[in-house]
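Got a fold to pick apart together? Have a look at the sequence and coordinates, then let's run through some questions.

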Amino acid sequence: MTALPDGLPMPVPAPGLPPRVHIHEVGPRDGLQNEKATIPTGTKAEFVHRLADAGLTTVEATSFVHPDWVPQLADAEQLYPLLADLTGTALPVLVPNARGLDRALALGARAVAVFGSVTETFARRNLNRTVDESLAMFAAVVARARAEGVTVRGYLSMCFGDPWEGPVPLDQVVRVATRLRDLGCDQLSLGDTIGVATPGHVRALLTALTTAGVPTDTLAVHFHDTYGQALANTLAALEYGVTTVDASAGGLGGCPYAKSATGNLATEDLVWMLHGLGIDTGIDLGRLTATSVWMADQLGRPSPSRTVRALSHKE
Ligand code: MG
């Protein structure tokens, strides 16, 4: 069903790229929270297990947001204990506030993420706060998580463009990034939430951040393929020295038939490019693709990932 063509992609290294890339899988959280269908808890648990079996070492499992906000992930309390056997896999969870952190810590979470916004409009709409108010709220969350020895990832959404505000100035991103870093975030994920970035913009933002003192090895990139730029942008980030890339198995989270398509970069498309460049990911692409074909069946629609479609095509 998902046989890889023999010897393909042919590994041909290119200069100036890292030998190994760490993929931060966001399908079960960012993917499923943006899908219309709500799938059963047991199916989600199987999904995370299959992703780990395919070689993903970081799988963002769920979100401890208020169940009314994201009904697709309202079962976080039931799901998380079903993953207890995955001791070799980091299973970060999103925590929107102190209450979410309490719930995650009570279940033994060892890695959490906070979800910030670079723009005022999105902060208002998504967090019901100004950017500064949201950072003030995160301060206590990050401090408590760190005191518990829990690692913290800080998401920055709308780093390249905002649907209400248009282009986002580089220094606006730098300001929020340095604040999140000062709060104690171990890693920052730069989100192109509406997928409008292009490679030169990626390089310019990374340059601005490192010039401001943010080390490249604390940065991850989170691209959306809305305009078909996600892989080009990823390559620009790798050339700059970034080695952590977010992706969503099967491209979950961007239903191609919905107007609201957000288009997460598909993990399979990313792995195809990385393996073609001779870059190690530790991932079994055949197994990962089979997982996304299976999940597409659960959701009742085909995967938008080109690689999943190509590898699962039946004559
Ligand atoms: Mg996303």
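A residue counts as buried when its relative accessible area is under 20%. Keep in mind that this is a predicted model.

Q: Is Cys185 buried or exposed, and what is its relative accessible area?
A: The cut-off for buried is under 20% relative accessible area. Cys185 falls below that cut-off, so it counts as buried, with a value of 5%.

Q: How far from Cys185 is the nearest cysteine sulfur?
A: A disulfide needs two cysteine sulfur atoms within 2.5 Å. Cys185 is in no disulfide, and its nearest cysteine sulfur belongs to Cys159, at a distance of 13 Å.

Q: How many disulfides does the structure hold?
A: Two cysteine sulfurs have to sit within 2.5 Å of each other to count. For Cys159, the nearest one is on Cys185, 13 Å off. The number of disulfides in the structure is zero.

Q: What is the relative accessible area of Cys159?
A: Buried means under 20% here. Cys159 meets that, so it goes down as buried, at 0%.

Q: Which helix holds Val176?
A: The protein has twelve helices and eleven strands to choose from. Val176 sits in the one that covers residues 170-183, namely helix α7.

Q: Is Val176 buried or exposed?
A: The test is again whether the relative accessible area is under 20%. Val176 comes in at 2%, so it is buried.

Q: Which residues does Val176 touch, leaving aside those up to four places away in sequence?
A: A contact takes heavy atoms within 4.5 Å. With sequence neighbours up to four places away set aside, Val176 touches Ser117, Val118, Val131, Leu135 and Leu156.

Q: What separates the C-alpha atoms of Val176 and Thr119?
A: Along the chain, these two residues are 57 positions apart. In space, their C-alpha atoms are separated by 9.3 Å.

Q: What share of the contacts with a separation of 6 or more comes from residues 24 or more positions apart?
A: Start from the contacts in the protein with a separation of 6 or more. Keep those between residues 24 or more positions apart, and you have 77%.

Q: What is the radius of gyration of the protein?
A: For 315 residues the globule rule gives 20 Å. The protein's own value is close to that, so it is as compact as a globular protein of that length, with a radius of gyration of 18 Å.

Q: How many negative side chains does the protein have?
A: There are 24 positive side chains, and the centres of the positive and negative sets lie 4 Å apart. The negative side chains number 32.

Note on methods: Residues numbered from 1 in each chain as written. Predicted model: local features only at pLDDT ≥ 70, side-chain atom pairs only at ≥ 80, totals over all residues. Heavy atoms only, no water. Helix = DSSP H or I, 4+ residues; strand = E, 2+ residues; numbered from the N terminus. Rg over C-alpha atoms; globule rule 2.2 N^0.38 Å. Lys, Arg positive; Asp, Glu negative; His and termini not counted. Charge placed at Lys NZ, Arg CZ, Asp CG, Glu CD. Buried < 20%, exposed > 50% of the residue type's maximum accessible area, 1.4 Å probe, protein only.
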